[in-house]
Amino acid sequence: MSSIAADLRYAASHEWARLEADGSVAVGISDHAQEALGDVVFIELPEVGKVLEAGQEAGVVESVKAASDIYAPIAGTVIAINEALADSPESVNSDAYGSWFFKLQPSDTAQLQTLLDAAAYEASIDA
């Protein structure tokens, strides 16, 4: 059974978003998504400086089973990528909520409110 972090917001496409103290938004994939993918072997991340619209493809996660696109849950500019994932992509399998993929400087933090809260996300994956 997947865990769902209560303090995050979720996109229907299984990305999570966390507002950081500095106003940036960290983005990763949910525990449910990593579980469905299986053993993650490669992650392609967006370039720092790239401007993304909400719902735009931002990268790719490859596992032994499949490759899956990663989408920006909100609009913003990529200000950081988690370079540790290049050497240890499997860390997503052991800590989906600690293994952020990239951070955005959001165009509008109010967009976070359009994402699913933990209860709504749980209902969407249980449906």
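This passage describes the six-stranded sheet, the salt bridges and two surface patches of a predicted model. Local features are reported at pLDDT of at least 70 and side-chain atom pairs only at pLDDT 80 or more, whereas totals for chains, interfaces and linings use all residues. Residues are numbered from 1 along each chain as its sequence is written, and side-chain values use heavy atoms, with hydrogens and water left out.

Six strands form an open sheet in the order E1-E2-E3-E9-E8-E5, with antiparallel pairing; helices (H or I, at least four residues) and strands (E, at least two) are DSSP runs numbered from the N terminus, and two strands are taken to pair if DSSP finds at least two bridges between them. Strands E1 (9-10) and E5 (51-52) stand at the edges with a single partner strand each, so that one side of each has no neighbour in the sheet. In general, the strands of a sheet pair through backbone hydrogen bonds, either parallel or antiparallel.

Within this sheet, strand E2 (residues 15-19) pairs with strand E3 (residues 25-29) in the antiparallel sense over five bridges. Along this pairing, Leu19 stands opposite Val25 of E3, and Trp16 has Gly28 of E3 as its bridge partner. The hairpin of E2 and E3 has five residues between the strands, and in it Gly23 takes a positive phi near 90°. E3 also pairs with strand E9 (residues 102-106), again in the antiparallel sense, over three bridges, and here the bridge partner of Ala26 is Lys103 in E9.

Five of the five residues of E3 are buried, where buried means under 20% relative accessible area, exposed over 50%, and partly exposed in between (1.4 Å probe, protein chains only). Both faces of the strand are covered, with Val25, Val27 and Ile29 buried on one side and Ala26 and Gly28 buried on the other.

Two salt bridges are counted under the criterion of a side-chain nitrogen of Lys or Arg within 4 Å of a carboxyl oxygen of Asp or Glu. In one of them the side chains of Arg18 and Glu20 meet at 3.1 Å, N to O, and Arg18 counts as partly exposed because its relative accessibility is 21%. Glu20 also forms a salt bridge with Lys103, the closest N and O atoms being 3.6 Å apart. Because Glu20 lies in the loop between E2 and E3 and Lys103 in strand E9, this pair ties together parts that are 83 residues apart in sequence. Glu20 and Lys103 are both buried, and the salt bridges, through shared partners, join Arg18, Glu20 and Lys103 into one network.

Patches are built from residues with over 30% relative accessible area and no salt bridge, like charges being joined within 9 Å and nonpolar side chains (Val, Leu, Ile, Met, Phe, Trp, Tyr) within 5 Å. Val41, Phe42 and Val64 make a nonpolar surface patch of about 280 Å², with accessible areas taken from the Shrake-Rupley method and a 1.4 Å probe. Of these residues, Val41 lies in strand E4 (residues 40-44) and counts as partly exposed because its relative accessibility is 47%. A patch of negative charge on the surface gathers Glu44, Glu57, Glu62 and Asp69. Asp69 has its place in strand E7 (residues 67-71).

Technical notes:
Lys and Arg count as positive and Asp and Glu as negative; His and the chain ends are not counted. The place of a charge is taken as NZ of Lys, CZ of Arg, CG of Asp or CD of Glu.
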